[in-house]
Amino acid sequence: MIELKVQAIETYLRRVYGDDVRLLGAGDIGSLDAQGMKGFGYGKPLLVRFETGGEVREAVFSVMKGDKYGHQFYWDRAAILMFQYETSARMERHVHPLGFGYVNGSDALIPVVDPKEFFIVNEKLEGHDYFLDLERIRAHGLLDRDLETAREFARWLARVHAEKLDDPPLYSRRIRNLLGASECILGLVDEAFPRDYAFFGEDRFRALEKRLIDWRWKLKGYAHRLSAVHGDFHPWNVLVTDDGDFSVLDRSRGEWGEPGGDLASMAVNYLLWSLYDHEKLAGPFRELYLAYFGEYLERTGDTEVLEVLAPFCVFRGLVIASPEWYPDHPEAVRRRLFNFVSNVLKDDVFDWEHVNRYLE
């Protein structure tokens, strides 16, 4: 929990109101007893009295406490404070925010003034999008390096997933998010498909959601699997160089999660590319799939992942089946993707070596 130090608060006030600010007192709500350089925090609001421009003013500083209810990380808490800063003054009788900021690594309070949007600056990486390799493979077949690249993906995932965290509430949160978050399964069902969709109507979506509830309760017994993850490992988030090296982009949905999510994300894309020329996983994309999946299982020894994989296959299957993001799929491709999404939940253990039976 962050502590707000009196000296840092005074420095913050001067940044916001000017150099003439003079701190008059700081203490718990209801008390302005001077507490020297003692830190404040642990979720307790801090009442501050200060003078600026000849006017005495009071303000309440608050730091949100982390908890297991979706507030484990500072970016969770930041989203809530951003919301309060942006909207509170628009509500009748609601307390008005006077400032918003963050505490940096040196415990300094840094104001964020009139935010409109946030941005990130990343390094520039070399390479081309991996999906271009998949297009090349579809047109011209495999090169010697292609299978090795798929195996290297699996080796990288094995190293990433080797880092574990003992936090059952966080694992439960990740499974809840998989089903219910706006950009995951229920969000896709609501927003990525038209109502009364010809390929997959309302009755089929309802049945799918009901099966997923049973899977949610099953996965409660797998919290020991919580691992470091990428969260969005697919061909548009991988850059590959001509010598076979690769880098990844756009880590998503949290630092920790179920390793099966990463494994499924790339695997279903090999399936997708194969369906454009076959009615099943076949040809060069079957070779890539088997190399990738087999290498991962060999490196990790994690056959338990097959017991939890199905809901993650559903999520990724819905993504690539969406007419919003993939409007040009032939009808046969889209139908088989929906067969996959429906059938994969029927097995308690994902049959990775015979994935084609989920397409019928």
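Helix 5 gives the second largest pocket the largest share of its lining, 4 residues. The structure is a predicted model. In the largest pocket, the largest share of the lining is 10 residues and belongs to helix 2. Helix 5 (168–180) also supplies at least two residues of the lining of the largest pocket. An open sheet of 3 strands is described last.

**Second largest pocket**

- The volume of the second largest pocket is about 340 Å³.
- Its lining is made of 21 residues, and those closest to the centre are Arg174, Cys184, Gly231, Arg253 and Phe312.
- Besides helix 5, at least two lining residues each come from strand 12 (256–257), helix 8 (259–275) and helix 10 (310–321).
- Sorted by class, the lining of the second largest pocket holds 8 nonpolar, 7 polar and 6 charged residues.

**Largest pocket**

- The largest pocket has a volume of about 1,800 Å³.
- A total of 48 residues line the largest pocket.
- Arg77, Ala78, Leu81, Phe100 and Gly101 are the lining residues nearest the centre of the largest pocket.
- Three helices each give at least two residues to this lining: helix 1 (6–17), helix 2 (74–87) and helix 5.
- Strand 5 (55–61), strand 6 (101–103) and strand 7 (109–111) likewise supply at least two residues each.
- The lining of the largest pocket has 30 nonpolar residues, alongside 10 polar and 8 charged ones.

**The sheet of three strands**

- What is the order of the strands in the open sheet of 3 strands? The order is 2-4-5, and the pairing is antiparallel.
- Strand 2 (22–28) and strand 5 are the edge strands, each pairing on one side only.
- On average, neighbouring strands of this sheet are turned by 20 degrees against each other, direction ignored.
- Strand 4 (residues 46–52) and strand 5 run antiparallel and are joined by 7 bridges.
- Arginine 49 has glutamate 58, in strand 5, standing opposite.
- Helix 1 packs on the sheet and touches strand 2, strand 4 and strand 5.
- The direction of helix 1 makes about 45 degrees with that of strand 4.

**Elements with more than one role**

- Strand 5 is an edge strand of the sheet and also supplies at least two residues of the lining of the largest pocket.
- Helix 1 packs on the sheet and supplies at least two residues of that lining as well.
- Helix 5 supplies at least two residues of the lining of the largest pocket and at least two of the lining of the second largest pocket.

Terms used. Residues numbered from 1 in each chain as written. Predicted model: local features only at pLDDT ≥ 70, side-chain atom pairs only at ≥ 80, totals over all residues. Heavy atoms only, no water. 1 Å grid on protein atoms, 1.4 Å probe; cavity = no way out; pocket = protein on both sides within 12 Å on 5 of 7 lines; lining within 4 Å. Points joined across faces, edges and corners; volume = space filled by probe spheres on them. Nonpolar A, V, L, I, M, F, W, Y, C, P; charged D, E, K, R; others polar. Pairing = 2+ DSSP bridges. Axes fitted to C-alpha atoms, helices over the stretch in contact; angles between N-to-C directions. Contact = heavy atoms within 4.5 Å.
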